[in-house]
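I opened this one with my notebook beside me and a few things to look up. Here is what I wrote down as I went.

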Amino acid sequence: MSRPFEILEHPADVGFLAYGSTLKELFSNSALAMFSLACDLENVGETGRRKIEASGEDVESLLYSWIAEVLAVSDAERLILRRAEVSFLDEGRVRGIVYGEPIDRARHKTGVAIKAVTLHQFAVESVDDGWRARVFLDL
């Protein structure tokens with residue numbers, strides 16, 4: 001894959017297309033796309049890490065649950081996240097680690113305030129060179 005994601009404009013929300021040569025890479029890049037919308041990642045360190053687990057009945061509900069859980073951990077712990085590693089992905093379950101640090105308003109240039117992951121046009125599909133996901137986020 002040449003690029004991990006691209007941002008999609010939407011009248012009320014913001015979205016992204018994420019790509020991956022494998023499903024694990026797709027899940028990691030989907031989290032990365034969301035991180036990049038929340039903050040300029042250049043000044044974000046990786047001093048903290050959190051385990052993330054999610055489940056779903058199919059690949060779409062699993063990706064939705066993964067992104068929603070990453071967002072929930074970030075919000076609850078007031079973290080700016082920079083990177084996600086998916087260590088396990090099987091039918092119905094995903095586990096991984098996200099890396100980042102506590103929000104520092106003096107150092108971090110924040111982007112949009114993400115309220116939630118939406119199901120609006122949500123899709124995961126197999127493409128010629130791997131996988132692609134379309135995700136919109138409520139601001």
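**Entry 1: the largest pocket**

I began with pockets, and the largest one has a volume of about 360 Å³. I noted at the top of the page that this is a predicted model.

Which residues lie nearest the centre of this pocket? I found A38, S74, D75, L79 and I80 there, out of 19 residues that line the pocket.

Next I looked up where the lining comes from. Helix 1 (23-38), helix 2 (59-77) and strand 4 (79-90) each supply at least two of the lining residues. Helix 2 gives the most, with four residues.

I also sorted the lining of the largest pocket by class, and I counted 13 nonpolar, three polar and three charged residues.

**Entry 2: D75**

D75 caught my eye among the residues nearest the pocket centre, so I stayed with it; because its relative accessible area is 44%, D75 goes down as partly exposed. D75 is found in helix 2, the element that gives the most to the pocket lining.

I then checked D75 against I52. The two are 23 residues apart in sequence, and their C-alpha atoms are 13 Å apart in space.

**Entry 3: D13**

My next stop was D13, in the loop between strand 1 (5-9) and strand 2 (14-20). Is D13 buried or exposed? I have it down as buried, yet without a salt bridge.

I looked for the nearest side chain of opposite charge to D13, and K115 is the one, 7.8 Å away. A salt bridge needs the side-chain nitrogen within 4 Å of a carboxyl oxygen.

What does D13 touch, once neighbours within four places in sequence are left aside? I listed contacts with L137, D138 and L139.

**Entry 4: salt bridges**

How many salt bridges does a search of the whole structure find? I got nine, and I looked at several of them in turn.

R3 pairs with E6, with the closest N and O atoms 2.7 Å apart. I looked up both partners: R3 is partly exposed at 41% relative accessibility, and E6 is partly exposed at 27%.

R107 pairs with E101, and here the closest N and O atoms are 2.8 Å apart. R107 is partly exposed at 36% relative accessibility. E101, in contrast, has a relative accessibility of 6% and counts as buried, because the cut-off for buried is under 20%.

R132 and E125 also meet through their side chains, at 2.5 Å from N to O. I noted R132 as partly exposed at 27% and E125 as partly exposed with a relative accessible area of 32%.

I drew the last case as a small diagram on the page: E46, R82, R83 and E85 are linked in a network of salt bridges.

**Entry 5: N29**

I closed with a residue in helix 1, N29. Its relative accessible area is 12%, which means that N29 counts as buried.

Which residues does N29 touch, not counting those up to four places away in sequence? My list reads P4, F5, A18, Y19 and G20.

**Entry 6: looking back over the page**

Two of my buried charged residues sit side by side in my notes: D13 is buried and has no salt bridge, while E101 is buried and has R107 as its salt-bridge partner. Helix 1 came up twice as well, as a contributor to the lining of the largest pocket and as the home of N29.

Conventions
Residues numbered from 1 in each chain as written. Predicted model: local features only at pLDDT ≥ 70, side-chain atom pairs only at ≥ 80, totals over all residues. Heavy atoms only, no water. 1 Å grid on protein atoms, 1.4 Å probe; cavity = no way out; pocket = protein on both sides within 12 Å on 5 of 7 lines; lining within 4 Å. Points joined across faces, edges and corners; volume = space filled by probe spheres on them. Nonpolar A, V, L, I, M, F, W, Y, C, P; charged D, E, K, R; others polar. Buried < 20%, exposed > 50% of the residue type's maximum accessible area, 1.4 Å probe, protein only. Lys, Arg positive; Asp, Glu negative; His and termini not counted. Contact = heavy atoms within 4.5 Å.
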